[in-house]
Amino acid sequence: MIKISWDKVMTDIANLCEYWDEDDFTTVAGIANGGIVPAVLVANRLKIKNIITIHKDQTRDQVESMLQDYESVLIMDDINDTGATIKPYLNLDHKNCRVATIYQRYNTKCPDPLYGYAIPYNEFLQFPWEYY
C-alpha cells in the first residue's frame with residue numbers, strides 16, 4: 001500500500017486544474033465516496049461554489065436528470081482504477097459535462113480523458129482523507 005500525502009494530492013489537483021479556467025464549470029460533482037474530497041478541492045481551486053454528490057447507487061438516468069439543473073458540470077473521482085466507476089458518466093446526455101480523476105492507473109480498461117497523474121504501478125493507494 002502506498003500512502004499519498006496531502007502535498008502530493010494538492011500538487012496533482014493544481015496540475016489537473018490547469019486544464020480549465022474558473023468559468024468553465026458552474027458545478028463540481030463528486031462521486032461518493034472517494035470523489036467527494038477531490039470535488040471540494042477542485043471547486044475551491046477553481047472558485048466554484050456549487051458542489052453536489054453523485055451516489056454510486058444512482059442510475060445513469062437519475063444522474064442525467066439531476067445534472068440538467070446545472071449549466072456546466074465537472075464530475076470528479078479520486079482514481080480511475082478499472083474504469084467501472086466513471087464509465088457510466090463519460091457520455092452523459094448533457095451539453096457541458098466532463099469527467100476527471102486525480103489519478104489514473106496506466107492499465108485501466110476505461111481511459112479517462114482528464115487526470116492529474118498516471119499511476120505506473122498496481123499497488124493500492126491510500127489517500128489522506130482515508131487515514132484512520
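Start on the outside of this predicted model. I36, V40 and I51 make a nonpolar surface patch of about 190 Å². One of these residues, V40, is found in helix α2. Its relative accessibility is 33%, so V40 counts as partly exposed. Buried would require under 20%, and exposed over 50%.

Now go inside. Helix α2 also has a part to play here. The largest nonpolar core has 24 residues. Four elements each supply at least two residues of this core: α1 (6–17), α2 (36–46), β4 (73–80) and β5 (97–105). The largest share comes from α2, with 5 residues. So helix α2 holds V40, which is partly exposed because its relative accessibility is 33%, and it also feeds the core.

Which residues have the most contacts inside this core? They are W20, M76 and Y103. Take W20. Leave aside its neighbours within four places in sequence, and W20 is in contact with F25, L46, L74, A100 and L114. Apart from this core lies another one, of 14 residues. Among its members are I54, I86, L92 and C97.

Finally, turn to a polar residue. N80 lies in strand β4, one of the elements that supply the largest core. Is N80 buried or exposed? Its relative accessible area is 1%, so N80 is buried. What does its side chain reach? One partner is the backbone oxygen of C110, at 2.8 Å. Another is T108: a polar contact of 3.1 Å joins the side chains of N80 and T108.

Methods
Residues numbered from 1 in each chain as written. Predicted model: local features only at pLDDT ≥ 70, side-chain atom pairs only at ≥ 80, totals over all residues. Heavy atoms only, no water. Core = buried A, V, L, I, M, F, W, Y, C linked by side-chain atoms within 4.5 Å. Buried < 20%, exposed > 50% of the residue type's maximum accessible area, 1.4 Å probe, protein only. Contact = heavy atoms within 4.5 Å. Polar contact = N/O pair within 3.5 Å; in protein donor to acceptor, adjacent residues only side chain to side chain. Patch = residues over 30% accessible without salt bridge, like charges linked within 9 Å, V, L, I, M, F, W, Y side chains within 5 Å. Areas by Shrake-Rupley, 256 points an atom, 1.4 Å probe, with all protein chains shown as cover. Salt bridge = Lys/Arg side-chain N within 4 Å of Asp/Glu carboxyl O.
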